[in-house]
Every structure is written in C-alpha cells, then in structure tokens.
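Colleague: Could you take one threonine in this model and look closely at its surroundings, then follow the strands around it and go on to the charged pairs and sheet pairing elsewhere in the chain?

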Amino acid sequence: MKVATAVTAAAVLLCLSTSARAEAYFVSQPGNDGPGTLRWAIESSNALAGPHEIIIGVSAVTLSSCLPPLLRSTELRKFSSNEGAAIIDVSLVPASAYCWGLSLGGYGQSGGQTFVVTGVHVRGGWGGIWVQDNHLTLRDSVVETRSFAPGSYGGGALNAYHSTLVVERSTIKAGSGYVGAGVAFDGGALSISDSRVSGNVAYWGGGVYVRTSAASSISRTTIDGNRADLGAGIFHEPAAPGATLLLENVTLSGNQAGTAGGGLQHQDPFAGGTPAQPRLRLRHVTAYLNQAPTAAGLRTSSGSLAIDNSILGGDCGFLGGAAATGSNNLSSGGCAIAGSANLVASDLRLGALTPRGAGSLPLHSPLSHSPALGLGRACASLDGNGSTRLLGRCDAGAVEDETLGEQRTLVVTLQFSGALCHQGDSPARSADHLAHLDAFISENSYGKTSVVGQVIGPFAVDGTGCDPDNGLSGSQQNAQALLAKALTLAQGQVDLTQFERLIIAHNATLGCACPDNNHASFGFVAPSAVTPGSLYEQTGFRGSIFWQPDLGINYHILYHEFGHNLGLAHLDPLLCNDAQGARASLSSSCVYASSWGDPNHTMSNLVRPVHYAAAQKWKLGWFEPGQAPLVGYGEYDLEPLSTPGNGLKALRISTPYSFGVFGLDYVLELRKPIGLDAHVGEPTWGQVPLDGVFLFAEGRVASDQTFSLAPPPFPAGSAFQSAPLAVNTPLGDVGAGVSIRVLSVGATSARVRISPFLPDGQPCAQAADCASGQCTTSYGDGDGDGYGVAASALATCGPAPAGRVTLSGDCCDVDSRARPGQTQFFTSTTACGGFDFDCSGAATQQFPPRSTGGCTSTGMCSLRTRRCNGPYWTTANSAPACGLAASWRDCFVQPACARSSNTECGPYATLAVTQACR
C-alpha cells in the first residue's frame, strides 16, 4: 500500500497494514495550512478515489480559515497514542465566515460516501459537523460550537441532512440553531447511543431534532440542560408513515421549553400509528426536572405514543386525538397513560443528575424506597449505565437501583427442628453479623454505601418443599422453598416494602432440611434465575442471601455473598497461554478457571475478607469521577485502594481483546496492608501480602466480570496465585501495544509508567517501545538508489519495512544518479533540475577555471617523469557553466622530450567541450 506523507522532517508517519483503504494521510502539523496539516490531508484525500484514512497525530489543529469539505469516503481519527480527543479548533475563524468545523460531502457535492470520525473534538465555528447525502458514524468524540442567539439559522453542533447517522459514546454540546442545536437530523435512519447532548439552544429541538424516514433509535443517552421554544430535549417529527423512533434508557433532564414540551415534543403529521405499532416508543425513559409553561414532561400532537417502564415527571399534553398507552410507568401526575400497573406518586424519590461511576453518563438513580424500584416488567437487558437489569422485575426509568446510600436489609432467622439440625441462630448473633457487614461495606465504599437493617425471628420451620437430591435444580428449588417460608413468616412482622435486600439465617445442615443452601446469593449476577411469577419477581427484592453461621461460615462468606447481592460476579483468574503453555497476551481465546478464584480477594471462590477489586468498585459507582480513568501513555501516581482519597484509585488501559461478547481492559490498582487489606484470616494458604500494584482484566461496561491476572510466567489454573507486579520489571503486551512498568511503590502511593510496546512495523519513538527492542528510522527510496528523502522519515519497530532504506540525504528521489557519495560527473541535469548529483548542496564542476591558458609541465624528460598539466580552457580564469560548451585545449608531452630535457608540453588540439558537474 502507498502511504501518503507530509514533506516535513518533523513528521511521524503511520505504517499501515494491508486494508481496503487506498491512501492514509497523517496530520503531523497543527497549523492552518501547508504540508502535514489537516487541510493538506483533506485536499489530498479529495484528489484521489477513496476510501481513505486521515490520522491526526497532533493534540490540536488550530484553524484561521474554513476547511474544504471532505468529499471521499474517509475514516478520520486521532492517532491512538494521543491522550484525549484530537481537537479541531475553529474558534479563531471569524463568525462571518460561516465555517463548519468539518463538512463531510459538502452541500450536495458528493453522495453515497461513508465517513467515520473517531476520537475528535470539534470546537467553535458557525456549526460543528455537517454531512449531506452521505453516511456518518461519529464515535468517542466531542462536538461543540460557538454560541448564537436563539432562533439563529446558523450552526447546530451535529447536522445530518438527507443522510444516515450513527453516534456512539460522544458528547454534543453548546450548539445553537433554528432546529436541532445539538443534533439536527433530517434523513433516513438515526442511531444515538451511550452519548450526552447538553446545553444546546434552538427554536425547535434544543437537544435533538429528529425527522426520519426509517426506523431510528436513541439509547443509553442523557439529554440535559437544553433550551427551545418547543421540544427542549427532543423534537420528533416522522417524515414517512413507516418511520419510527425508539427511546430506550434515555434520560431527559433539566431541559427548558418556552412554550411546551420541556422533555419531548412529538409532532405526527400523518396522524396515524396504532398502540401496537406506534411511531414513537418510550422504553425505560426518565423525564425529570424538565420545565415548560405547559406539558413540562412531554407533548404530542396526533398519532399514537407507547410508553413502558418509564418515569415521567411533570405534566403531559396530548393534542389532536393523540393517546399514550403502556404499562409499568411512574409519573408525578398529569400524564394519563392507558394501560396496566401505571403508578402515580407525589414523590418520585430520584437522586440528582450524577454519574454512577467514573466515565458514566449522569443519571437520576432511584433512591431507597423510590416507587420506581421493581416497578418494571418485560425489561431491557441493560440499563442506561450499561449494567445488567433483572429481566423479570426491574426498575422503571433509565437506570437500575442505586448501589449508593442505605441498603435497607431484612434478616429473617429460621430454625429447623430435628436431631440432625444444629442449634438455631439467635437474633443477637444475626445482628452482630449485620453490623460487621455494614462496617465492611462502609469501608469498601468509602462511606458511600451502608447496610441498615432489622433482624426478626427465629421462626420454627420444617423441611417440607425441599429437594433431597441436592442437584442444581434441587438447589434452586430449596432456595425458593426457604425464601417462601421466610417471607410468609415475615409478612406478619414487618412491612416488606421497606426493604430492598433480604438475608436468611438458618440452622439446616445436610440431612436436616433443604440441603446445599448453607450459603448462597441471588442477585443481579443471575438474571436467568428470575422468571415471571417467581418469588423474586413477586417480591421485588434485589437479591437474597442464605447463610448459616453455626456451621463455621465466617464473616467473609457473608461479605462475598453480599457482593453478589450488589451485582458482582466471581473474581476468577483468566488463563491466556500459547500452544507451548507459556503466558500469552489477552485474547479472545483466553479461558478462566471458575473453580480457582484468587484467594486474595473477597469475590473469589476462596475468599479473603479484604477490599473488592478496583474494577468492581468502579462498576458499583463507589469512585469519584476521574478516579478510575481510561488512560493512554504516560506516568501516573496511584493511591492505595484501601484508603479514602481523591487521587487515582485505578488505571484502566484499553485492549483490542474480547472475552465472550464484551471487550476487556487492563486495570491496575495499588494495595497496601492497611484497613481491610491488612486482614489475615482463613484460609491462610496461598495468600500474598497485599502490598504493591496488582493487575486485573475487566469486562467493559455491560459485563460484571473482573478477572485476576498474574505477571509472567503465568501458572496453571490449579496453582493460581495473585502477586504484585515487580518494581522496574516491564510487563509488555504486543497485541495491546502497551508496556506496564511499576517505577516505585511507597507507603502512600505507587508510580506507574504506561508506554508503547509495539510489534515490528508499528511507529515508535525509542527502542524501549518495541517488542523486538529495535526502533529503526527509515526513508522512502523512490528511485532505488539506496538513499531516501529526509522528509519521509518514519521510525518503526524492527528492521526497515520493505521498500524503505536506512540512509537519508537523497536530494532527487526520482533520479538514481543523484545520491550522496556520487563520484561521476554528468553534462545533463538531474530529473529534479540542477547539477547537484552528489547531494552536497551545490554543483561541483569537473573542470573548474585555471589561472593560465597554456600547457604547463612538471618533471624531468631525462628521468621520464615529464607530465603535462592540462587540459585547460583557452581563456584563463574562466570556465563554462554546467552543461554548457566552451573552447578546450588538450596538452601532451612532445616526443622531443626523450632527447632534450628542455622540451615543454605542447598543445594537442582545440575542441568544443561541454562542462560536466556533480
């Protein structure tokens, strides 16, 4: 593949592997124009048929004039080693220039093109990104524009006209325009997911204006703080009778409309649709704290609207025969929804708009005793935070219940009778266990979560309804039997609706009653166990724990099971070995040893009562924003996981690998023997002092899986033991392109360096970046003379790539005669013009001027050493320019020299000679 490069010695160019793209243009200069700039890359891409790549290798591109539209199918992205998004800054361009940050396809200039924009931050400009008659996928990006007065026809942050549009994991903010200040879409299919649209101002559709002719969706997205006259959050208008829009796990918060539709305005010009096939469907939507003089929640004119499992704060307006149907919705009044199990409550009990965890979108989580808890049915598999929902009975709204704050827990003690049964647990002992659990969870969550509960019983029970076979199905049946007995006995004692979690303490043993249930947990990690009509589905408890202290089950068993109750999976080792059994990088072929959990952590199968892993805490929302960031190359200071603080608690490093259906990140955490991490308990075998930096693998977003990893050599699963990373011993992963080195570990912090670790052929800055330990600077050699042009310098791991050379200095790379070290002289110019054949910077004449115009001699005839000094130009002190001819006289020793010592050199001939140079 040909790789187009900027002609600049400072350029660091990307070596691309074989793909369908014809050209790749690397942006190495931050300025407005010239070689290596974004303008150069766009103009170069437009000049050739696509598809192309444009890779931005600088942190910011600052423009003083508008960019040309990009006309060819192109993937435009930041260089992967850059931290954050690559900024395209249009803020210095005068507003009168009406300049888009990026114009894709221009104004109808090219249709049917595909554009992918990844990791880019477009800032300033009359508008952010414009695409017309084409397709755009926007990922991991930010688009914001300069502010215009409401009602202005200018701008809009993201504008798609007669196009299709996909937006993923992006932020659209601070836009303004007549319609769709955040996202203005008028075209075919639209998909927005895992994104935020915030602080935009328009006349219609402050956040999003949607006019579609095909099935479209907005999911796992927060639309907040937008303003408009109608539809401050979303303005939806189908463009064809068959067009539909699904909002799922969408949060509409704090949007303000001047007339109506604070959260959403739905305007159906076709006045059609049916409850079974509505043009607009809301599923797991939270519309809260939106404002408008009328219909602060939502407003729809004509047509049919379906709403399920949603929360609607504020009133609704249904005009022109419009009707809303659906079930299991919660509203604060003023929204008449025809359907079943719709609930009206004066206090919705939702938290403030805050992220659930580091990197999360801001969401309104239901608080303790919120009527939204357990209200949903036929639930989506994931919530607005990407977390797993209970499928049978879930929470209404965009996000599943909060794991912050008080976890109100009921403890029911049961006592089986019989000779084989142990003495029953006492309420006092159960209360003691609950107090230890509260202390454990409070320390783990840095005070963000606590366990507040009540103990009742003991109640005498028998073993009816138990399965003595003790199989898997029997274990589930016995759990159901115990739960049914406990709830039946508890109903007359307490108000079950005041509790979200349930613990059952009992004295049953094998052969006593309900065997194989001395400890177990049922919660978020096992949604398949929740079926319509089950006791879980009926009661709405987030999970249940069964434990039997009299059999010697220690506190750490309780801590482990409560972790499941909160939604955590087992922390198991991930085994990644090559065919020879040696430790290999993470990959999709890794397996995990589910029966050999890491003994150093609470959520392993061989549990130790210490802190949950950092990745698990991050998933539970126990870190402050920014405490567990996804990082790039650089040096970072970690603070101990076991202590509260505002510093970095974890480093998350993206990898290209997947395990099952979800991707994997590396996670680094610092453990110190303080707090819970100083605990030494049973079992004592296999434990490693928690003192150092530990490495884990984490399933991204939708996964509850966290895996323990050990540095190489990686032992077999049956002998797995976790260990901290050795100081100043790098752990390199070629596939992920990352090297992890712990530089130091102190009492209160550890310093970690994340640097490139690359296979041969990838760009590098130093030998340490490369798996081969070799970083070679090479140059393009267009004429095959063994020398390249300095401006084409490319540093890559390993030997020089094919077609490139390690010697530079070529001054004319289309003429193999011109090269450093050339000794020959030529009478015609190089292919580049001029006579500098040895690349010295100047032409050297073969026959320079002489001070004399005659032949001179040296040496003695008698000794046969007589020599003639010539030839010479006939005119003294002059010589023709390179490539030009002049009179030339040759000299020779006359024969008389053999007879006379006084014989001089004589002229031989006078000719016209062309000056040669090099």
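**A threonine and its strands**

Modeller: In this predicted model, T212 touches F185, G187, G188, L190, E237, P238, A239, A240, A243 and T244, when residues up to four places away in sequence are left aside. T212 belongs to strand β20, which covers residues 208–212, and its relative accessibility of 0% places it among the buried residues. A polar atom of the T212 side chain also lies 3.5 Å from the backbone oxygen of A214, a distance that just meets the cut-off of within 3.5 Å for a polar contact.

One name in that contact list, G187, returns when the pairing of the strands is considered, since G187 has T212 in β20 as its bridge partner. Strands β16 and β20 run parallel and are joined by five bridges. Strand β16 spans residues 183–187 and is mostly covered, with four of its five residues buried. Strand β16 also pairs with β12 (residues 158–161), again in the parallel sense, over four bridges, and within that pairing N159 stands opposite A184 of β16. In general, the strands of a sheet pair through backbone hydrogen bonds, and they do so in either a parallel or an antiparallel sense.

An antiparallel example is found further along the chain, where an open sheet of three strands has the order β54-β53-β55. Its edge strands, each of which pairs on one side only, are β54 (794–797) and β55 (804–805). Strand β53, residues 775–780, pairs with β54 over four bridges in the antiparallel sense, and there S778 is found opposite L794 of β54.

Turning to the charged pairs, the structure as a whole holds 21 salt bridges. In one of them, the side chains of R220 and D194 meet with an N to O distance of 2.7 Å. R220 lies in strand β21 (residues 216–224), whereas D194 sits in the loop between β17 (190–193) and β18 (196–198), so this pair ties together parts that are 26 residues apart in sequence. R220 is partly exposed, with a relative accessible area of 22%, and D194 is likewise partly exposed, with a value of 25%.

Another salt bridge is formed by E248 and R283, whose closest N and O atoms are 2.4 Å apart. This pair links distant parts of the chain, because E248 belongs to strand β24 (residues 245–253) and R283 to strand β27 (residues 280–283), with the two positions 35 residues apart in sequence. The relative accessible area of E248 is 17%, so E248 counts as buried, given that burial is defined as under 20%. R283, at 25% relative accessibility, counts as partly exposed.

In the salt bridge between R671 and E669, the closest N and O atoms lie 2.6 Å apart. R671 is buried, with a relative accessibility of 0%, and E669 is also buried, with a relative accessible area of 0%. Elsewhere, salt bridges that share partners join E635, D637, R751 and R753 into one network.

To return to the threonine, T212 is thus described here by its place in strand β20, by its accessibility of 0%, and by its bridge to G187.

Conventions: Residues numbered from 1 in each chain as written. Predicted model: local features only at pLDDT ≥ 70, side-chain atom pairs only at ≥ 80, totals over all residues. Heavy atoms only, no water. Salt bridge = Lys/Arg side-chain N within 4 Å of Asp/Glu carboxyl O. Buried < 20%, exposed > 50% of the residue type's maximum accessible area, 1.4 Å probe, protein only. Polar contact = N/O pair within 3.5 Å; in protein donor to acceptor, adjacent residues only side chain to side chain. Contact = heavy atoms within 4.5 Å. Pairing = 2+ DSSP bridges.
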